[in-house]
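I opened the model today and went through it site by site. These are my entries, in the order in which I looked things up.

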Amino acid sequence: MRAVVFEEFGAVPEVREVPDPAPSPDGVVVRVGATGLCRSDWHGWMGHDDGIALPHVPGHELAGHVVAVGSGVANWRVGQRVTVPFVCACGRCPACATGDQQVCEAQEQPGFTHWGSFAEYVPLRHADANLVAVPGSMSFLTAASLGCRFATAYRAVVERARVLPGEWLAVHGCGGAGLSAVMIAAASGARVVAIDVAPRALELAREFGAAVCVDAASVPDTAAAVRDATGGGAHASLDALGSPATCAASVMSLRRRGRHVQVGLLPGDGTPLPMDRVVAYEIDVLGSHGMAAHAYPRLMRQVAAGALRPDLLVTSVIGLDAAPAALAAMGERVTAPSPSPSPSPSPGMTVITPRSALRPDLAPPAG
Ligand SMILES: [Zn+2]
Ligand SMILES: [Zn+2]
């Protein structure tokens, strides 16, 4: 099969022939219909992730057809349309046993712990614990656009922040995850305050249903602006970017008994939480990490019904041959000089469709 391969961290990958994958006994092989390009892929390529062994194929936001099934898989068969969470669970550890596969103790991530989906085919292990059916009416492009960002935002808003209709939700950072959260919260009837430094990100947030937009580049205290706009503070707030400034602003923008959800990744040391406010206001501090496969059907129904439109986040669709340059270009967005707090990554999402290079002899039945 053809795949995007890199031999060295930070060296431009090449598209080349590699052996076709075979399924593990409890796994499947999926022919990739569409796969999202994410900043996590860029971090992996740059060598920021300890788990990656070289040579490597990135890619973790995929959807496609099952083309091969291991002998121990009970619930999946060739020809089915599927996607997977970016956290692929073992299905057997104590966390999995309680339904918390998103924090599995032996989790794998395609494109990190093993070769990923910037390829014609991708192997996925523990299929019964991880595969999610994609409805026939939903394109692979839409399913891939759920990626790690939209699904993570969904769990953060619905299961962690537990935002109720009429409540105020502040979303700090309107990149892919933040804009997804805006759309999901607005669709559920919450009133959303979107915060970013980029005018284009705020424009999109407004389009996706934000009631109030705060330009963090021109407001000296974004938390105070959120408190003013919400009559004393938001009920819940997300740091969707992951920076000391947005994390602290998220906590400080809450009303008493508010819920802060950390979605963006932060370095482990120097946690910037204002703990005096956390105690005085009895703030709940919550983490959010992906979404388990069993939680997808509710999200899939809302997407299939058009109530949620993750596909609107897709601004570019490219073939496998253009993927290496697109991967390398992701770094330009984050290394450019910027005002403080730093802007979110570009809200537009790129999706790769390797199908143009499909070999007819390996094609499953159309559908
Ligand atoms: Zn597990
Ligand atoms: Zn991702």
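**Zinc ion, ligand 2**

I began with the angles at the zinc ion (ligand 2): its four donor atoms subtend 91 to 124°, so I entered the arrangement as tetrahedral. The coordinates are those of a predicted model.

I then listed the protein donors of this ion, which are Cys-38 (SG), His-60 (NE2), Glu-61 (OE) and Cys-148 (SG), at 2.1 to 2.3 Å. Along the sequence these residues are spaced C-x21-H-E-x86-C. I placed Cys-38 in the loop between strand S3 (28-37) and helix H1 (39-46), and Cys-148 in the loop between helix H4 (140-146) and helix H5 (149-160); the pair therefore ties together parts that are 110 residues apart in sequence.

Are the two cysteines buried or exposed? Cys-38 has a relative accessible area of 4% and is buried. Cys-148 is buried as well, at 10%.

**Zinc ion, ligand 1**

Next I looked up the zinc ion (ligand 1). Its protein donors are Cys-90 (SG), Cys-93 (SG), Cys-96 (SG) and Cys-104 (SG), lying 2.3 to 2.4 Å from the ion. The spacing of these donors along the chain is C-x2-C-x2-C-x7-C. Because the four donor atoms subtend angles of 101 to 116°, I put this site down as tetrahedral. For reference, the ideal angle for four tetrahedral donors is 109.5 degrees.

I checked two of the cysteines for burial. Cys-93 has 8% relative accessibility and counts as buried, and Cys-96 counts as buried at 6%.

**Nonpolar cores**

I asked which residues of the largest nonpolar core touch the most other members. Val-157, Leu-238 and Leu-299 do, in a core of 53 residues. H5 is the element that gives the most to this core, with seven residues. Another core, of 21 residues, lies apart from it and includes Met-1, Ala-3, Val-4 and Val-57.

I followed Val-157 further. Leaving out residues up to four places away in sequence, Val-157 touches Arg-162, Val-163, Leu-169, Ala-181, Ile-184, Ala-185 and Leu-238.

**Helix H6**

Among the partners of Val-157 are Ala-181, Ile-184 and Ala-185, and these are buried residues of H6, so I turned to that helix next. Helix H6 covers residues 176-187. From first C-alpha to last, its 12 residues reach 17 Å, close to the 16 Å expected at 1.5 Å a residue. I found H6 mostly covered, with 10 of its 12 residues buried. Gly-176, Leu-179, Val-182 and Met-183 are also among the buried ones.

What covers them? I noted H5, strand S8 (168-172), strand S9 (191-196), helix H7 (199-207) and strand S11 (234-239) among the covering elements. Just after H6, Gly-189 takes a positive phi of about 95°.

I also took one distance from this helix. Ala-185 and Arg-2 are 39 Å apart in space, C-alpha to C-alpha, and 183 residues apart in sequence. Arg-2 sits in strand S1 (residues 2-5) and counts as partly exposed at 21% relative accessibility.

**Strand S12**

In strand S12 (residues 254-262) I looked up His-260. Its relative accessible area is 1%, and the residue is buried. Beyond neighbours within four places in sequence, the contacts of His-260 include Ser-237, Asp-239, Cys-247, Ile-283 and Asp-284.

Arg-257 is in S12 too. Arg-257 counts as exposed, at 56% relative accessibility, and has a positive phi of about 65° although it is not a glycine.

**Other backbone entries**

Most residues other than glycine have a negative phi, and most peptide bonds are trans. I logged two further exceptions.

Glu-282 is not a glycine but has a positive phi of about 50°. Glu-282 lies in the loop between helix H10 (275-280) and strand S13 (284-287), and is partly exposed, with a relative accessible area of 48%.

Leu-54 and Pro-55 are joined by a cis peptide bond, with omega about -5°. I placed Pro-55 in the loop between H1 and strand S4 (61-69).

**Confidence**

Last, I checked the pLDDT. The mean for the protein chain is 91, and 91% of its residues reach 70 or more. Over residues 334-344 the pLDDT is below 50, and this stretch has 14 contacts in the model beyond near neighbours in sequence. Residues 357-367 also stay under 50, with 18 contacts beyond four places in sequence.

Methods:
Residues are numbered from 1 along each chain as its sequence is written. Chains are lettered from A and ligands numbered from 1 in the order in which they are written. This is a predicted model: local features need pLDDT of at least 70, side-chain atom pairs count only at pLDDT 80 or more; totals for chains, interfaces and linings use all residues. Side-chain values use heavy atoms; hydrogens and water are left out. Donors are N, O and S atoms within 2.8 Å of the metal (3.2 Å for Na, K and Ca); water is not among the atoms, so sites may look incomplete. Four donors count as tetrahedral if all angles lie between 85 and 135 degrees; four count as square planar and six as octahedral if opposite donors are over 155 degrees apart and all others between 65 and 115; anything else is irregular. Helices (H or I, at least four residues) and strands (E, at least two) are DSSP runs, numbered from the N terminus. Buried means under 20% relative accessible area, exposed over 50%, partly exposed in between (1.4 Å probe, protein chains only). A nonpolar core is a set of buried Ala, Val, Leu, Ile, Met, Phe, Trp, Tyr and Cys residues joined through side-chain atoms within 4.5 Å. Contact means heavy atoms within 4.5 Å. pLDDT is the predictor's confidence in each residue, from 0 to 100. The expected span of a helix is 1.5 Å times one less than its number of residues.
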